[in-house]
Amino acid sequence: MRIVICWPDISGYAAACWRALSACEGVELLVVAFSPRPEAHQNFGETVMAGLNYRLLGAAERDDAAAVRAIVAAHRPDAIVVPGWFHEPYRRLAGLAEFAQVKFIMTMDNPWKGTLRQRLARLTVGRYIDRMDAVLVAGERCWQFARHLKVPERKLIRGVYAFDLPSFQGVYEERMARGSWPRRFLFMGRYISVKGLDFLLPAYRQYRTLVSDPWPITFHGQGPLRASIAAEAGADERGFCQPSDQPAVMAEHGVFVLPSTFEPWGVALMEAMGAGLPAICTEAVGAGVELVRSYHNGLCVPACDSGALAVAFKWIHDHHARLPELGRHARQFASAHSAELWAERLLAMTLRWGLQRPGCESGAQLVDGG
């Protein structure tokens, strides 16, 4: 089976999924994606794509529909994966006569919010949606939006996002071997307002007034709010963290924090929980719906509420002895989202199409009955 994945920006977690798919017997994969963009505030180097058959599109080329078509056509695909409908050159592929017999899989991460724009979306993208042979969605909130767009259940499958589970699986044991669970919070993501930093910093400041021995908080990322983070008492701003360095960083920390005001999914949350970190996230984080159970493996708090977030910080602080248990539960929930299982889910669609399914043995390891 010859598959082309058309994608926007490259990342470590996406590359892990693509490698898992490429490793499946009988799959010939080509990934077409954007060259790293400074405006994306992510410093992933091209090395994350090592071992993959890929083609990165430069600034002019990625907006050239004819160039994109030629690159995709040269692979002679049986199936093409497209990322929603936001990028015109990718979207046009579904309407080309030369791809009339090709199966199309669309990915979606937009959560259903009931806005007027979403309610009218069927009018603008309905014909494009109907062309899709399968739609891969990011969890329940996105599934609801897809159903509103009249995507039939037989075309839907959950699990757009996954991560390199084996890289994180030994982190919990490493943390436990240190003798005492680390008293340190961790944020990992872009330094932009939508990540909730405008609420996180005041919440952390308030938390420091509620306890006599506040824990430090580490920030890994990049973006325009870097100076504000670096100036915060108790904050340790360390810059962007490459995927290969994330497990070691997470081993040094005790709790992961993702206070986004809008987050269709939140792969960093998934990776942190896969590393056995209890998590604090807001209700705006899509992955929190699937992964976080308050007081079992973390805490969910209202978005845009510094007071609630400060209370969550204090609860974690006051229940240090419970954190290893919460971290073990976090790892169980995250284990269902391995890159190997992502490849399995994608290829499962070939059974519905009546095509011969390539062989793909899942490499996911269940932990603690997860």
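Here are four short exercises, with worked solutions, on a predicted model.

**Exercise 1: the largest cavity**

Work out how big the largest cavity is, which residues lie nearest its centre, and what classes its lining has.

*Solution.*
- Start with the overall tally: the structure holds four cavities of 30 Å³ or more.
- The largest cavity comes in at about 100 Å³.
- Next, look at what surrounds the space. The largest cavity has 13 lining residues, and W7, C17, W18, V160 and W342 are the ones nearest its centre.
- Now trace the lining back to secondary structure. At least two residues each come from β1 (2–9) and α1, with α1 giving the most, four residues.
- Finally, sort by class: twelve of the lining residues are nonpolar and one is polar, with no charged residues in the lining of the largest cavity.

**Exercise 2: the second largest pocket**

Find the volume of the second largest pocket, then say which helices supply its lining.

*Solution.*
- The volume of the second largest pocket is about 190 Å³.
- Its lining is made up of 14 residues, and G12, R19, D164, P243 and S244 sit closest to the centre of the pocket.
- On to the helices: α1 (12–22), α7 (165–168) and α11 (246–251) each put at least two residues into this lining.
- Among the contributors, α1 gives the most, with four residues.
- By class, the lining of the second largest pocket splits into six nonpolar, five polar and three charged residues.

**Exercise 3: L120 and its patch**

Place L120 in the fold, decide how exposed L120 is, and name the patch residues.

*Solution.*
- Check the location: L120 falls in the loop between α4 (116–119) and α5 (121–131).
- Then take the accessibility. L120 has 41% relative accessibility, so L120 counts as partly exposed.
- For this step the cut-offs matter: partly exposed is the range between buried, under 20%, and exposed, over 50%.
- Last, the neighbourhood: L120 joins L116 and L123 in a nonpolar surface patch of about 350 Å².

**Exercise 4: R91**

Where is R91 found, is R91 buried or partly exposed, and how far is its C-alpha atom from that of L149?

*Solution.*
- R91 belongs to helix α3, which covers residues 88–92.
- Its relative accessibility is 26%, so R91 counts as partly exposed.
- For the distance, compare C-alpha atoms: R91 and L149 are 58 residues apart along the chain, and their C-alpha atoms are separated by 17 Å.

How values were computed:
Residues numbered from 1 in each chain as written. Predicted model: local features only at pLDDT ≥ 70, side-chain atom pairs only at ≥ 80, totals over all residues. Heavy atoms only, no water. Patch = residues over 30% accessible without salt bridge, like charges linked within 9 Å, V, L, I, M, F, W, Y side chains within 5 Å. Areas by Shrake-Rupley, 256 points an atom, 1.4 Å probe, with all protein chains shown as cover. Salt bridge = Lys/Arg side-chain N within 4 Å of Asp/Glu carboxyl O. Buried < 20%, exposed > 50% of the residue type's maximum accessible area, 1.4 Å probe, protein only. 1 Å grid on protein atoms, 1.4 Å probe; cavity = no way out; pocket = protein on both sides within 12 Å on 5 of 7 lines; lining within 4 Å. Points joined across faces, edges and corners; volume = space filled by probe spheres on them. Nonpolar A, V, L, I, M, F, W, Y, C, P; charged D, E, K, R; others polar.
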